[in-house]
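Reader: I'm new to reading protein structures, and I'd rather understand one small part well than skim everything. Could you pick a spot, take a close look, and walk me outward from there?

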Amino acid sequence: MYGKVTQYFRKRNYGFIRGTDGNTYFVHYNNQNGEYLAPGYYVYFKPFQNDRSDYNAKNIMVIETPERSR
């Protein structure tokens, strides 16, 4: 699934991605595959469920950043 990073809290190591389906997905640092995330980044991710939430993201890949599109 594709989406856009809406918030990322670097000091707390988590953030949120708005998916193309309209849902907001939680992303934790452990599921980023080493990718640097910041608000406005367009990403590809795999949605998954866990015992805390139905909307989580893993295997994040940055597709486009605001700096690259200029």
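Author: Let's start at threonine 24, which sits in strand β3. Strands here are DSSP runs of E with at least two residues, helices are runs of H or I with at least four, and both are numbered from the N terminus. Before we go on, keep in mind that this is a predicted model: local features need pLDDT of at least 70, side-chain atom pairs count only at pLDDT 80 or more, and totals for chains, interfaces and linings use all residues. Residues are numbered from 1 along each chain as its sequence is written, and side-chain values use heavy atoms, with hydrogens and water left out.

So, is threonine 24 buried or exposed? With a relative accessibility of 35%, threonine 24 counts as partly exposed. The cut-offs are simple: under 20% relative accessible area is buried, over 50% is exposed, and partly exposed is in between (1.4 Å probe, protein chains only).

Who does it touch? Setting aside neighbours within four places in sequence, threonine 24 is in contact with Phe16, Ile17, Arg18 and Tyr55. Contact means heavy atoms within 4.5 Å. Threonine 6 is worth finding too: it is 18 residues from threonine 24 in sequence, and the two C-alphas are 8.8 Å apart in space.

Now hop over to one of those contacts, arginine 18, which belongs to strand β2 (residues 14-19). Arginine 18 is partly exposed, with a relative accessible area of 42%. Not counting residues up to four places away in sequence, arginine 18 touches Tyr2, Gly3, Lys4, Thr6, Asn23 and Thr24. Measure across from arginine 18 to valine 43 and you get 9.8 Å, C-alpha to C-alpha, for residues 25 places apart in sequence.

Valine 43 takes us to the core. A nonpolar core is a set of buried Ala, Val, Leu, Ile, Met, Phe, Trp, Tyr and Cys residues joined through side-chain atoms within 4.5 Å. Here the largest one has 13 residues, and Val5, Ile17, Leu37, Val43, Phe45, Ala57 and Ile60 touch the most other members. Strands β1 (2-9), β3 (24-28), β4 (42-48) and β5 each supply at least two residues of this core, with β5 giving the most, three residues. As background, nonpolar side chains tend to be buried together in soluble globular proteins. For a closer view of one member, try leucine 37: leaving out residues up to four places away in sequence, it touches Val5, Tyr8, Arg10, Val27, Gln32, Val43, Ile60 and Val62.

Back to Tyr2, one of the residues arginine 18 touches. A search of the whole structure finds nine aromatic pairs. The rings of tyrosine 2 and tyrosine 42 have centres 5.8 Å apart and planes at 5°, so they are stacked. Rings of Phe, Tyr and Trp (its six-membered ring) pair if their centres lie within 6.5 Å; planes under 30 degrees apart count as stacked, over 60 as edge-to-face and the rest as tilted. Because tyrosine 2 lies in β1 and tyrosine 42 in β4, the pair ties together parts that are 40 residues apart in sequence. Both rings belong to partly exposed residues, at 38% for tyrosine 2 and 32% for tyrosine 42. Elsewhere, Phe9, Tyr14, Phe16 and Phe26 form one aromatic cluster; Phe16 there is one of threonine 24's contacts.

The two tyrosines also help make a surface feature: Tyr2, Tyr42, Met61 and Ile63 form a nonpolar patch of about 360 Å². Patches use residues with over 30% relative accessible area and no salt bridge, joining like charges within 9 Å and nonpolar side chains (Val, Leu, Ile, Met, Phe, Trp, Tyr) within 5 Å. Accessible areas come from the Shrake-Rupley method with a 1.4 Å probe, and for residues only the protein chains shown count as cover. A salt bridge is a side-chain nitrogen of Lys or Arg within 4 Å of a carboxyl oxygen of Asp or Glu. One patch member, methionine 61, lies in strand β5 (residues 56-64) and is partly exposed at 42% relative accessibility.
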